[in-house]
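Me: Please choose one part of this structure and take me through it slowly, explaining each term as it comes up. I am in my first year, so I would rather have one connected account than a list.

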Amino acid sequence: NIQKSDSSITLIVFDKNCGKSEALNAGFKETSGDIIITMDADLQDDPHEIHNLISKLDEGWDLVSGWKEKRHDPLGKTIPSKLFNYIVRKISKLDIHDFNCGLKGYKSKVIKKLNIYGGLHRFIPYLALENGFSITEISVNHRAREFGESKYGGSRMFKGFFDFLSIIFISKYSKRPLHVFGFIGFSLFFVGMIINSYLTYSWFLGEALTNRPLLFLGVLLSIVGIQIFSIGFIAELIVSYMSKESDQAKQILKK
């Protein structure tokens, strides 16, 4: 009914429930304004905060995230959320209190850089930071839930944490995979070689190694270390090849 009375409103309908990330991504692709505001549909976000978000953006920030400082939710939701936000804040070094708050304000250049899928909507501020945008937050009014039930809980916190580890790996090591695979592989190989060197020294002193489980551990660590290092090296070759292909494609398009 609202869409019929206002032609500027666009309604996007999915064939099934695809999740919040996909919904945001679809909405971002349809937007054409200079400033974009997102808010949840459970009526807990206060629309009066939109003006405050825009005012903060006008100060020069690229993304303004809401902070539900006085939150009206049960402990089963607030405690896991605080723990999750604390862990993400410490790892990301991004000093905001509520990564998952749906009430946010963006400049258009921010959303054009973001590709949100899976559960990545929880980490939009971090993704924006990794793309070089300035991030801040403001305290926003949060209202008690009147309709429906929240699906947030402890299990989602753990899923979100693993999503965050994926984001860190992709953002920091997608173009230099050997840095992480090489470090892990070399560390395991180094420990394995220390163990094997010790056992070799013991063997020279006349100690039998047939019943020493430590021997199998040393050999295992050395082999696994070489394999992990090799995976990183192959990944590095693939990244280098794809980068050259991308540069060639850009040159062709310029011509």
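Reply: The account below begins with the sheet and then moves to the parts around it.

This is a predicted model, in which local features need pLDDT of at least 70 and side-chain atom pairs count only at pLDDT 80 or more, while totals for chains, interfaces and linings use all residues. Residues are numbered from 1 along each chain as its sequence is written, and side-chain values use heavy atoms, with hydrogens and water left out.

The part to look at is an open sheet of 4 strands, with the order E1-E3-E2-E4 and mixed pairing. E1 and strand E4 (135-139) stand at the edges with a single partner strand each, so one side of each has no neighbour in the sheet. From one strand to the next, the twist averages 20°; for such angles, axes are lines fitted to C-alpha atoms, for helices over the stretch in contact, and the angles run from 0 to 180 degrees between N-to-C directions. The names come from DSSP runs, numbered from the N terminus: helices are H or I runs of at least four residues, and strands are E runs of at least two. Two strands count as paired if DSSP finds at least two bridges between them.

At one edge, E1 and E3 run antiparallel and are joined by 4 bridges. Ile-35 has Lys-107 in E3 as its bridge partner, while the partner of Ile-37 in E3 is Gly-105. These two isoleucines, Ile-35 and Ile-37, make up the uncovered face of E1, whereas Ile-36 and Thr-38 make up the covered one.

At the other edge, strand E2 (residues 63-67) and E4 run parallel, with 5 bridges between them, and Trp-67 stands opposite Ser-139 in E4. Although E4 is an edge strand, 4 of its 5 residues are buried, so E4 is largely enclosed by the rest of the structure. Buried here means under 20% relative accessible area, exposed means over 50%, and partly exposed lies in between, using a 1.4 Å probe and protein chains only.

What does helix H2 (residues 20-30) pack against? Its buried residues are Ser-21, Leu-24, Asn-25, Ala-26 and Phe-28, and these pack against strand E1 (35-38), strand E3 (104-107), helix H5 (108-111) and helix H6 (124-130). H2 therefore meets both members of the antiparallel pair, with contact meaning heavy atoms within 4.5 Å.

Phe-28 also leads into the interior, where the largest nonpolar core has 25 residues; Phe-28, Leu-63, Tyr-106, Val-110, Ile-116 and Ile-124 have the most contacts inside it. H2, helix H4 (75-92), H5, H6 and helix H7 (154-173) each supply at least two residues of this core, and H6 gives the most, with 4 residues. A nonpolar core is a set of buried Ala, Val, Leu, Ile, Met, Phe, Trp, Tyr and Cys residues joined through side-chain atoms within 4.5 Å. In soluble globular proteins, nonpolar side chains tend to be buried together.

Ile-116 shows how these parts meet: leaving aside neighbours within four places in sequence, Ile-116 is in contact with Ser-21, Asn-25, Phe-28, His-121, Ile-124 and Leu-127. Apart from the largest core lies another, of 7 residues, among them Leu-53, Val-64, Ile-138 and Val-140.

Two loops that adjoin the strands deserve a last look. Leu-43, in the loop between E1 and helix H3 (50-57), has a positive phi of about 70° although it is not a glycine, and at 52% relative accessibility Leu-43 counts as exposed. Lys-93, in the loop between H4 and E3, likewise has a positive phi, near 65°, and is exposed, with a relative accessible area of 71%. Most residues other than glycine have a negative phi, and most peptide bonds are trans.
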